[in-house]
Amino acid sequence: MPALAMRGPLNDSQAMDLAVSLAALGPAHGPNPRVGAVITDATGRVIGEGFHRGAGTPHGEVAAIEAARGAGEELMGATAYVTLEPCNHTGRTGPCTDALTNAGVARVVYAVADPNPLAQGGALTLLERGIDTVLIPHAGAESLNARWLESMRLGRPYVIAKWAQTLDGKIAAADGSSFWITGQSARDHAHRTRADVDAILVGTGTVLTDNPSLSARPSGVQAAHQPLRAVMGMTPTPGARVWRDNNAVALGTHDPQSALETLGARQVRTVVVEGGSHILSAFLRAGLVDEINVYIAPALLGAGVSAITDLGIASMADALRGGDVSITTLGADCLVTAHMTKGT
């Protein structure tokens, strides 16, 4: 946990900054958001802190309450700072609204309203119970859970379209070879991204052509979290490496929306669509891509397989456009990240 150099007194802004730093310690993957909580007494002194460690574990508020009690601190009349509106439902754990009420907390400050229709409404519940509850927006709290929040708002998994290409937009040479377009730094980055998402999706064509393992191996080391391996299409792929254990699912459909519904039912919040070009294009045509990650190598092929096929676009006026663009240098390669601004 972060060292509590500022144990008190903390103002609202400082306390929420600390809560956000705690939230960042939780896993980026999984069905639940990253949530941090800080509890202060009437003087602003920190008496408890906690964060959510993953599905089925205590939520941030409960962890902070337990920490305060474990330290022998008095919670009656305290203020709780939470990065996300306290949940108002019973899932794997009980409602955080009840935990805060039973602890005797007098004031709750939260940074982001919960868009989850199953859990939202916590602020109103707390107010009805006489607890002073206020929303004070915090950009860090919003950005920390940006993909999860968007998934909740859309009612489907957040979709990242990812591919590696040459400068002239090819993802494979004319002979079908694609290993390796990019260098080690770019590949390590892609594996770190895999370790932070819930699922990776490819088409049956990619499975038959490349027989990928679809594992997360940053720097060649198997990550503790391995995303669900999802294969979209109708062609059987028996014996492929993706089926090596039960952390895989066959999406017997060509329809991107149907594929996302199946993944959503498995509590997938973020999915990386890695190809091939027909699958990537299908998601783009359907307006179901939220973010694009393109790794670009300083290489030219001329002939070969293009990253994207026909999108049914006839003029520049109808081109799909990305915004909030960033470029990251990764060795000799670069990563271009764009968030889609149309149809999502």
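**Nonpolar cores.** I began with the largest nonpolar core of this predicted model, which has 36 residues, and I noted Met 16, Val 38, Ile 39, Leu 75, Leu 100 and Val 108 as those with the most contacts inside it. I then looked up which elements give two or more residues to this core, and found helix 1 (12-23), helix 2 (60-70), helix 3 (96-103) and helix 6 (146-154), together with strand 1 (36-40), strand 2 (46-51), strand 3 (79-82) and strand 4 (107-110). Helix 1 provides the largest share of this core, with 6 residues.

I followed Val 38 further and, leaving aside residues up to four places away in sequence, listed its contacts as Ala 15, Leu 18, Ala 19, Leu 22, Val 46, Gly 48, Glu 49, Thr 79, Ala 80 and Tyr 81. I also recorded a second, separate core of 28 residues, which includes Val 268, Leu 288, Val 289 and Val 294.

**Cysteines.** I searched the whole structure for disulfides and the count came to 0. Cys 87 is in no disulfide, and the nearest cysteine sulfur to it belongs to Cys 96, 3.6 Å away. Why is there no bond between the sulfur of Cys 96 and that of Cys 87? I put this down to distance, because the 3.6 Å between the two sulfurs is too far for a bond, the cut-off being within 2.5 Å. I checked burial as well: Cys 87 is buried at a relative accessible area of 6%, and Cys 96 also counts as buried, at 1% relative accessibility.

**Largest pocket.** I turned next to the largest pocket, in which about 1,000 Å³ of space lies. It is lined by 41 residues, and those closest to its centre are Ser 178, Phe 179, Thr 206, Asp 210 and Glu 274. I noted that at least two residues of this lining are supplied by each of strand 6 (158-166), strand 7 (170-172), helix 7 (184-194), strand 8 (199-203), helix 8 (204-210), strand 11 (270-275) and helix 10 (277-285). Sorted by class, the lining of the largest pocket holds 17 nonpolar, 17 polar and 7 charged residues.

**Second largest pocket.** For the second largest pocket I recorded a volume of about 610 Å³. Among its 39 lining residues, Pro 31, Asn 32, Asn 116, Trp 148 and Arg 269 are the closest to its centre. Helix 2, helix 6 and helix 9 (256-265) each supply at least two residues of this lining, and the largest share, 4 residues, comes from helix 9. I closed the entry with the classes in the lining of the second largest pocket, which are 16 nonpolar, 16 polar and 7 charged residues.

Notes: Residues are numbered from 1 along each chain as its sequence is written. This is a predicted model: local features need pLDDT of at least 70, side-chain atom pairs count only at pLDDT 80 or more; totals for chains, interfaces and linings use all residues. Side-chain values use heavy atoms; hydrogens and water are left out. Buried means under 20% relative accessible area, exposed over 50%, partly exposed in between (1.4 Å probe, protein chains only). A nonpolar core is a set of buried Ala, Val, Leu, Ile, Met, Phe, Trp, Tyr and Cys residues joined through side-chain atoms within 4.5 Å. Contact means heavy atoms within 4.5 Å. On a 1 Å grid over the protein atoms alone, a cavity is a set of points where a 1.4 Å probe fits but cannot get out, and a pocket is an open set with protein on both sides within 12 Å along at least five of seven lines; lining residues have an atom within 4 Å of a point. Grid points are joined across faces, edges and corners, and a volume is the space filled by probe spheres set on the points. Ala, Val, Leu, Ile, Met, Phe, Trp, Tyr, Cys and Pro count as nonpolar, Asp, Glu, Lys and Arg as charged, and the others, Gly among them, as polar.
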